[in-house]
2 protein chains.
Amino acid sequence: MATQCRNCPIRKLDLFTQMRSEEVEFMERFKVGEMTVDAGAPLMSEGANTPQLFTALSGMGLRYKLLANGRRQVINFVFPGDFLGLQAGVMNEMTHSVEATTPMRLCVFDRSELWTLFKSRPERAFDLTWLAALEERFLGETVTSVGQKSAIERVAWAFSRIYRRICALGLDRDGEIPLPYRQQDLADALGLSLVHTNKTLARLRDRQLASWSDGRLRVPDIEALEEAGLVDTSLVPRRPLM
Amino acid sequence: MATQCRNCPIRKLDLFTQMRSEEVEFMERFKVGEMTVDAGAPLMSEGANTPQLFTALSGMGLRYKLLANGRRQVINFVFPGDFLGLQAGVMNEMTHSVEATTPMRLCVFDRSELWTLFKSRPERAFDLTWLAALEERFLGETVTSVGQKSAIERVAWAFSRIYRRICALGLDRDGEIPLPYRQQDLADALGLSLVHTNKTLARLRDRQLASWSDGRLRVPDIEALEEAGLVDTSLVPRRPLM
DNA sequence: CGACCTGTTGATTTAGATCAACTTACGTGG
DNA sequence: CCACGTAAGTTGATCTAAATCAACAGGTCG
């Protein structure tokens with residue numbers, strides 16, 4: 001039996017904007033089920049026209065694109081609260097793939113009901129657009145990091161962003177968060193080679209800015225890390241949850 | 001006296017999805033005016049909370065972010081039909097700046113009316129979300145190009161995308177389009193140095209793939225250029241126009 | 001046990017950055 | 001009308017951050 005939205009495990013977090021109770025009721029109707037997947041499971045694939053939209057509830061994943069030359073770009077990492085499938089929802093085609101890195105639990109929505117949402121729930125439609133704008137904002141920052149920063153700045157930037165997000169989800173425990181990706185994933189996200197990423201991680205460790213091993217990231221001083229990553233510290237607002 | 005939407009100079013192009021007449025009427029009310037600006041004029045700036053939203057009607061511009069270290073990332077180029085200010089519209093703050101490269105003419109909308117649009121015009125709200133998803137798609141592709149491609153592939157990719165778009169706007173004339181940017185702008189868009197960009201342009205010219213000088217880009221064989229740029233040639237759908 | 005995956009480290013190479021000149025073209029002001 | 005300053009493009013020489021190549025170590029699993 002699927003969790004009812006009123007008992008949603010993450011909705012109440014400060015990270016998210018709060019919904020009015022009619023909205024919660026609407027989402028309970030909009031939601032068609034829940035899905036749990038194993039680590040490594042593909043969730044959506046580039047070019048496909050998935051009938052389903054998801055909101056991640058727990059676990060972590062990643063979005064990526066493959067190139068003709070075999071290289072892979074990790075577009076970003078997927079954390080609880082992220083909405084998956086907007087492109088399929090409005091344009092009928094995903095232009096990137098999504099896969100689960102750890103086991104994941106996701107809310108499932110029916111894509112064909114999306115238009116109903118726009119017609120009957122303008123505030124939810126607005127929230128969806130907000131999420132799209134937030135994604136655009138984040139990708140603009142990613143382009144900037146990959147295009148203009150040195151290796152150490154890029155890794156520091158990525159760790160800062162991830163650390164802040166995971167903390168906001170309440171998953172940190174004395175300065176440490178779970179980060180269950182491989183170095184190759186980070187390398188592909190930042191446009192760096194695996195070897196150079198590894199050496200850059202060692203440098204960050206030496207400088208006591210961040211230490212990532214055994215799937216856990218320890219950040220002794222987040223502000224110092226943000227500075228090292230030239231991170232734009234303008235406030236990231238609360239985000240809507242679909 | 002501002003152009004009325006019914007006489008919009010670009011709306012009828014095949015590039016754009018067609019609107020129903022009620023939608024056109026609604027847009028005429030939503031539109032509060034028109035603006036023309038000189039080359040070099042700033043349109044929006046990072047961190048600011050502009051009260052206005054725009055749709056570009058003519059001319060070209062660019063979006064960019066500046067870093068603490070003085071470097072600049074050009075996020076993308078702005079062409080007629082592009083919508084500007086979505087971030088300000090939903091999140092009250094731009095995270096990048098926009099400036100006019102040539103003189104531009106723009107439709108002006110009132111940000112505070114955006115919520116009215118969501119409440120009373122769900123199909124227009126849907127279109128806006130579509131545009132946001134399209135932007136996300138394009139930025140994903142940009143990250144992939146900047147993160148994973150060689151200099152010549154990146155330039156070929158950018159030229160392909162630009163060429164296709166400008167042709168769709170009907171601005172091409174025997175295999176040539178206007179492209180009034182500086183080499184520095186392209187360099188900042190692709191994460192390359194100015195000097196290396198210049199040398200890469202020479203290589204593309206030698207290989208007869210693309211020749212850009214005096215503000216005009218000539219492309220003898222767009223398919224060959226796309227191949228050189230590892231361009232994902234899956235169909236780019238018609239886009240909504242706001 | 002052996003195959004495979006992930007991480008680590010050192011040696012070598014290279015794409016692209018940086019540095020430095022020089023050329024046009026285009027104002028602007030004397 | 002010319003001198004000078006500035007912006008954009010071009011080209012060659014040199015440097016370097018990061019890529020590539022190679023080898024090995026520890027874990028895990030069938």
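## Helix H7 and DNA strand D

Let's begin at the DNA. In this predicted model, H7 of chain A and H7 of chain B each supply at least two residues of the surface near DNA strand D. H7(B) has the largest share of that surface, with three residues. From chain A, the residues around DNA strand D are A:Ser150, A:Ala151, A:Gly191, A:Leu192, A:Ser193, A:Val195 and A:His196. Chain B adds B:Arg182, B:Gln183, B:Val195, B:Asn198 and B:Lys199. Sorted by class, this surface has four nonpolar, six polar and two charged residues.

Which parts of DNA strand D come within 4 Å of the protein? Sugar or phosphate holds 67% of those atoms, and the rest belong to bases. Several phosphate contacts are worth a look in the viewer. A polar backbone atom of A:Ala151 sits 2.9 Å from a phosphate oxygen of DNA strand D. A:His196 uses its side chain instead, with a polar atom 3.4 Å from a phosphate oxygen of the strand. From the other chain, B:Arg182 places a polar side-chain atom 3.4 Å from a phosphate oxygen of DNA strand D.

## DNA strand C

Now turn to DNA strand C. Chain A surrounds it with A:Arg182, A:Gln183, A:Val195, A:Asn198 and A:Lys199. The residues from chain B are B:Ser150, B:Ala151, B:Gly191, B:Leu192, B:Ser193, B:Val195 and B:His196. Of the atoms of DNA strand C that come within 4 Å of the protein, sugar and phosphate make up 68%.

Three side chains of chain A can be followed to phosphate oxygens of DNA strand C. For A:Gln183, an N or O atom of the side chain is 2.5 Å from a phosphate oxygen. The corresponding distance for A:Asn198 is 3.0 Å, and a polar side-chain atom of A:Arg182 lies 3.4 Å from a phosphate oxygen. Helix H7 (194-206) of chain A and helix H7 (194-206) of chain B are the elements that give two or more residues to the surface near this strand. H7(A) gives the most, with three residues. By class, the surface near DNA strand C divides into four nonpolar, six polar and two charged residues.

## Where the two chains meet

The protein chains also have a good deal to show where they touch each other. Here 50 residues of chain A are in contact with 50 residues of chain B. Together the chains bury about 4,400 Å², and 70% of that area is on carbon and sulfur atoms. A:Glu136, A:Val143 and A:Gln148 supply 16% of the area that chain A buries against chain B, more than any other three residues.

What kinds of polar pairing cross this interface? Nine residue pairs are in polar contact, both residues of each pair at pLDDT 80 or more. The count of salt bridges between chain A and chain B, by contrast, is zero. On the side of chain A that touches chain B, two or more residues come from each of strand E4 (61-66), strand E5 (72-78), helix H2 (86-91), helix H3 (114-120) and helix H4 (122-148). H4(A) gives the most to this side, with 21 residues. By class, the same side of chain A holds 20 nonpolar, 14 polar and 16 charged residues.

## Symmetry of the pair

How are the two copies related? Chain A superposes on chain B through a rotation of 180° with 0.0 Å of shift along its axis, at an RMSD of 0.0 Å. That is the relation of a two-fold axis. The interface gives another view of the pair: 100% of the interface residues of chain A are also interface residues in chain B, so the copies meet through the same surface.

## Salt bridges in the structure

Over all chains, a search of the whole structure finds 42 salt bridges. In general, side chains of opposite charge can pair when their charged atoms come close. One salt bridge to pick out joins the side chains of A:Glu223 and A:Arg164, at 4.0 Å from N to O. The pair links distant parts of the chain, with A:Glu223 in helix H8 (residues 222-228) of chain A and A:Arg164 in helix H5 (residues 151-168) of chain A, 59 residues apart.

Conventions
Residues are numbered from 1 along each chain as its sequence is written. Chains are lettered from A and ligands numbered from 1 in the order in which they are written. Side-chain values use heavy atoms; hydrogens and water are left out. Contact means heavy atoms within 4.5 Å. Buried area is the accessible area (1.4 Å probe) that two parts lose on being put together, summed over both. A polar contact is a pair of N or O atoms within 3.5 Å; within protein, one must be able to donate a hydrogen and the other to accept it, and residues adjacent in sequence count only if both atoms are side-chain atoms. Helices (H or I, at least four residues) and strands (E, at least two) are DSSP runs, numbered from the N terminus. Ala, Val, Leu, Ile, Met, Phe, Trp, Tyr, Cys and Pro count as nonpolar, Asp, Glu, Lys and Arg as charged, and the others, Gly among them, as polar. A residue is near a molecule or strand if one of its heavy atoms lies within 4 Å of it. Copies are superposed by least squares on the C-alpha atoms of residues with pLDDT of at least 70 in both.
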